[in-house]
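Here are my notes on the model you sent over, written as numbered points. Have the structure open while you read.

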Amino acid sequence: MSKTETDEAAATAAEESELGEAGAQLSTAPQERSVPGSFGGVMQPGAAGRIAWAWRETTGWVRWFWRQLTSMRVALILLFLLSLGAIPGSLVPQTGVDETKVEEFRAAHETLAPIYDDLGLFNVYSSVWFSAIYILLFVSLIGCIVPRTWQFVGQLRSRPPGAPGRLTRLPAYTTWRTETDPEQVRAAALAMLKQRRFRSHTVGDAVAAEKGYLREAGNLMFHIALIVMLVSFATGQLFKSEGGKLVVEGGGFANTLTQYDDFKSGSLFDRDHDLAPFSFKLDKFVGTYERSGPQRGTPRTYEAHVTYAKGADGAEKKAKIEVNEPLEVDGSKVYLIGHGYAPVVTVRDGRGKEVFKDAVPLLPMDSNVTSSGAIKVMDGYRDKNGKKEQLGFAAFFVPTFAGAGKGTMLSQYPGLDFPVLALNAYHGSLGVNAGLPQNVYQLDKRKMKEFKDDQGAMLKQRLLPGETMKLPNGAGSITFEKDVKQWATFQISQQPGNVPALAGAIAAIAGLAGSLFIQRRRVWVRAVRGEDGVTVVEMAGLGRSESSKLPEELADLAATLNSQAPTAPDPAEPAPVEGVRA
Amino acid sequence: MNLAAATNENLANISNVLIYSSMAVYTLAFLAYIAEWVFGSRSKVGRTAAALTGDAAVAPSVTVRSGGSTAVLDKPKIVTRSAAGTRDVPDGPGAAGGTEKGDLYGRVAISLTTLAFLVEAGGVVARALSVQRAPWGNMYEFSITFSTVVVGVYLAILAAKKNVRWAGLPLVTTVLLDLGIATKWLYTDSDQLVPALDSYWLWIHVSTAIFCGAVFYLGAVGTLLYLFRDSYEEKLAGGGEPGVFATSVMERLPSAASLDKFAYRVNAAVFPLWTFTIIAGAIWAGDAWGRYWGWDPKEVWSFITWVVYACYLHARATAGWKGRKAAYLALFAFGCWLWNYYGVNIFLSGKHSYAGV
Ligand code: HEM
């Protein structure tokens with residue numbers, strides 16, 4: 001602490017002691033106090049003495065620690081630590097936000113990554129040290145709120161303290177002389193203050209009044225609301241579930257565990273019973289894109305038109321899901337997350353028998369939806385010798401092709417203007433029976449052989465809609481049908497606790513507004529008969545925090561009271577203020 | 001190109017012309033403010049020095065302030081005392097230093113600022129009409145709206161007859177800086193929104209965020225000047241003699257206590273709205289991305305800004321932390337806001353990547 005601050009603190013203390021009771025309990029903020037470093041006191045000889053000392057020492061330290069933790073200063077420090085602690089999470093990739101980025105980072109920084117791992121820097125917000133900060137903060141908060149609430153209740157039940165001896169000491173002061181009797185002045189003052197909704201009463205020769213308790217109430221409400229929010233988030237995390245599902249136009253989804261492509265849930269979520277029963281079907285996906293200008297290709301609308309039904313066999317309803325507008329069914333929300341194309345292909349064997357016909361979802365690779373994926377014909381196919389075999393095609397798709405001879409297979413525009421499908425064909429075993437989960441967008445080529453063209457090179461071909469690629473030696477064919485479907489990925493999530501969290505948030509804002517905009521202030525009106533028999537009225541106001549309103553309000557009150565107790569015509573100019581500055 | 005698109009292009013061009021014109025008028029205002037300060041420096045103020053270095057011990061017990069803190073009514077007169085532990089120093093006379101010529105230039109500066117504000121606001125509106133949505137789709141649009149709102153808030157406080165003329169010069173300087181950066185580096189052609197940004201929450205969340213930033217900015221200017229003025233007062237009180245330039249500038253500013261109070265009020269008043277902004281953002285994120293809070297860099301930094309401002313408010317309520325320490329916290333908090341605005345958009349990638357740069 002610098003010298004001036006010490007001086008200021010001393011001045012504050014002096015001022016407060018001078019005001020005595022008048023300034024006490026104007027808020028419920030905890031007092032800063034220093035506590036000795038040892039609590040055990042004198043140790044009596046013998047085991048009993050030692051135990052007693054140890055007990056006093058322990059309880060003393062526990063109490064000391066608790067007081068420290070619940071002091072405003074520590075709350076301040078913890079808040080500051082919380083803000084500093086949140087920073088690394090925005091600079092280092094986080095597993096909870098983007099797993100692939102974390103992997104990239106690990107690959108790029110081999111020495112740094114293990115250190116970051118030890119420090120929990122890849123998941124800051126669930127790391128031990130970050131949790132420690134906010135848990136301590138919230139313990140401190142509770143330890144602060146509980147006594148403050150009691151104190152506040154006590155203040156509500158008691159009455160404003162009587163006027164201090166010298167009202168001139170207060171931040172706002174006024175005085176005048178009047179012919180009206182002191183009793184009458186006090187009665188008028190009491191009536192006026194009560195009418196202005198001050199809590200007021202007369203103590204001795206003065207009226208004491210106080211107003212603005214809502215400030216404290218608002219402040220307590222705000223801090224309690226913070227706890228409500230934290231608890232709702234925590235329960236939300238424990239009971240939430242979240243899963244993803246890719247649906248091709250015409251396809252559907254029913255909300256059971258087996259239907260999900262991926263699924264995560266909180267540790268208290270019951271996977272067998274907690275999923276709300278509903279289903280939906282994707283009728284159509286509509287994506288529109290900027291046609292011209294420098295932002296050509298920027299997405300403008302994404303809409304998934306669905307038909308959904310609540311329960312096992314509820315009535316069907318139509319709905320439209322957009323990026324900002326999830327569908328809410330039975331407590332679950334269905335969000336539109338992504339989209340892509342699924343060209344429809346037909347595969348025939350050597351005899352012309354259709355062995356596969358489906359829309360195959362392909363994975364977008366850039367913002368113009370250049371897509372890649374795999375077409376897998378698992379069973380039903382026999383080669384020209386009638387032997388069972390599997391077929392695989394590596395597929396590359398662009399919704400808008402640049403044009404023949406114009407370079408690569410990179411899409412020029414995300415809309416379906418000039419779709420082209422490029423295929424490489426393989427035969428053999430897809431390796432799907434090995435029991436290992438397989439990426440649907442990739443071919444496991446270890447047990448596959450390429451089909452060769454006439455020149456003996458790998459067979460590959462670019463197809464326009466309706467075109468067919470023949471496999472060599474009568475091995476069959478694959479047709480790129482004129483129909484290109486779209487698919488959409490949905491996230492289906494269920495998170496309880498949103499309602500209390502929102503209620504907490506609203507309460508927090510309301511409480512905060514009360515706490516910051518309402519002034520808690522006291523007003524005293526003293527009326528005594530002077531030596532010459534004329535009544536001397538003194539009014540003074542005291543607020544808890546800096547406000548320009550206090551003098552204005554006092555002025556207003558004084559003017560009102562003055563109209564009832566008019567200034568006495570006095571030739572001798574009354575000295576308005578006396579006293580020497582502390 | 002159809003007719004509507006052509007009109008829109010026209011409007012976008014009109015918007016650009018208006019923004020450039022407002023920059024020209026702001027520059028004139030800037031020069032007028034400078035003139036105000038220059039002419040004001042010719043006066044002999046010397047009041048701060050007298051209050052702080054004179055015989056403080058035998059000074060009259062109560063200062064009846066000439067400024068706003070004495071409420072004069074027909075009969076009883078209110079006498080105010082500054083809070084315990086603060087220096088009882090009168091506010092400086094303002095940039096014009098009580099000189100007539102300075103005051104004239106000051107008035108000219110404010111008129112020009114008002115004009116520039118109207119032109120700039122016109123530019124923002126034209127931009128909005130050209131894209132037929134809220135003009136907050138990329139950083140260029142944020143920047144022009146931000147400076148418009150800052151100046152608007154400043155003019156509104158002036159109109160409410162509060163003593164904030166001292167903020168004029170720093171304000172217009174930074175507005176010019178902001179517009180310069182916006183037009184030179186952040187400019188993006190007027191366009192529509194990507195689907196994720198297209199929601200009525202955009203109106204709510206982004207407008208309050210920009211407004212909060214503008215008010216926080218005024219608070220930060222107040223805090224910064226408080227720190228300077230406080231050192232100046234402390235030096236005087238300690239018998240030191242600040243340089244001629246420092247004296248000339250500082251003695252015309254409001255007292256440290258007034259500046260500190262101004263900064264506190266401004267920050268405290270807008271803090272609930274900032275809380276609301278974050279919550280509105282979370283609700284929007286819940287709709288757009290399927291989660292309310294995902295520790296995206298932008299979210300992290302809004303949270304940090306919020307916590308540091310809460311810290312600042314706590315500091316104000318804690319003995320021993322008032323004054324300079326709290327002021328440093330306030331500046332740090334505004335630094336976080338600024339970083340969230342520019343830094344996060346440009347240097348960190350996340351879901352909020354709409355900088356358009
Ligand atoms: C989660 C962290 C917390 C946040 C975000 C927070 C935020 C706030 C805010 C914004 C205010 C309003 C400031 C004002 O009235 O001037 C405030 C006031 C207050 N806070 Fe906290 N607070 C937190 C934790 C705590 C803790 C742990 C304590 C107890 C040690 C505490 C005690 C107080 C008190 C006593 C006030 C009233 C000060 C006054 O009367 O002016 N707060 N808090």
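1. How much of chain B counts as buried? Of its 357 residues, 56% do. Keep in mind that this is a predicted model. The accessible surface of chain B comes to about 14700 Å², and carbon and sulfur atoms account for 67% of that area.

2. Chain B has 10 helices and 1 strand. Following the sequence, you pass through α-α-β-α-α-α-α-α-α-α-α. Take the contacts in this chain between residues at least 6 apart in sequence: 82% of them join residues at least 24 apart.

3. Now for a helix pair within chain B. Helix α4 (residues 139-159) and helix α5 (residues 168-184) have axes that come within 9 Å and cross at roughly 165°. Angles over 145 degrees count as roughly antiparallel, so that is the label for α4(B) and α5(B). The crossing is left-handed. On the α4(B) side the contacting residues include Tyr140(B), Ile144(B), Phe146(B), Val150(B) and Tyr154(B); among their partners in α5(B) are Leu171(B), Val175(B), Asp178(B) and Leu179(B).

4. Have a look at the loop between α4 and α5 of chain B, where you'll find Lys161(B). Most residues other than glycine have a negative phi. Lys161(B) is not a glycine, yet its phi is positive, at about 65°. Is Lys161(B) buried or exposed? Its relative accessible area is 75%, so Lys161(B) is exposed.

5. Chain A has a residue to set beside that one. Val369(A) also isn't a glycine and has a positive phi, about 60°. Val369(A) sits in the loop between β13 (363-364) and β14 (371-377) of chain A. Unlike the exposed Lys161(B), Val369(A) counts as buried because its relative accessibility is 5%.

6. Next, a helix pair that involves both chains. Helix α3 of chain A (residues 72-86) and helix α9 of chain B (residues 297-317) have axes that come within 9 Å and cross at roughly 160°. α3(A) and α9(B) are therefore roughly antiparallel, and their crossing is left-handed. From α3(A), the residues in contact include Met72(A), Leu76(A), Leu79(A), Phe80(A) and Ser83(A). From α9(B), they include Phe303(B), Ile304(B), Val307(B), Cys311(B) and His314(B).

7. Cys311(B) leads on to the disulfide question. How many disulfides does a search of the whole structure find? The count is 0 over all chains. Why is Cys311(B) not bonded to Cys336(B)? The closest cysteine sulfur to that of Cys311(B) is the one in Cys336(B), and at 10 Å it is too far for a bond; the cut-off for a disulfide is 2.5 Å. From the other side, Cys336(B) has the sulfur of Cys311(B) as its nearest cysteine sulfur and is in no disulfide. Cys311(B) counts as buried, at 1% relative accessibility, and so does Cys336(B), at 3%.

8. Last, Val537(A), which lies in strand β22 (residues 535-543) of chain A. With a relative accessibility of 0%, Val537(A) counts as buried. Leaving aside residues up to four places away in sequence, Val537(A) touches residues including Thr174(A), Trp176(A), Val185(A), Val525(A) and Leu561(A). For a sense of scale, Val537(A) and Thr70(A) are 467 residues apart in sequence and 43 Å apart in space, C-alpha to C-alpha.

Key: Residues are numbered from 1 along each chain as its sequence is written. Chains are lettered from A and ligands numbered from 1 in the order in which they are written. This is a predicted model: local features need pLDDT of at least 70, side-chain atom pairs count only at pLDDT 80 or more; totals for chains, interfaces and linings use all residues. Side-chain values use heavy atoms; hydrogens and water are left out. Helices (H or I, at least four residues) and strands (E, at least two) are DSSP runs, numbered from the N terminus. Buried means under 20% relative accessible area, exposed over 50%, partly exposed in between (1.4 Å probe, protein chains only). Contact means heavy atoms within 4.5 Å. Accessible areas come from the Shrake-Rupley method with a 1.4 Å probe; for residues, only the protein chains shown count as cover. Axes are lines fitted to C-alpha atoms, for helices over the stretch in contact, and angles run from 0 to 180 degrees between N-to-C directions. Angles under 35 degrees count as roughly parallel, over 145 as roughly antiparallel, 65 to 115 as roughly perpendicular and the rest as oblique. A crossing is left-handed if the near helix is turned anticlockwise from the far one by less than a right angle, and right-handed if clockwise.
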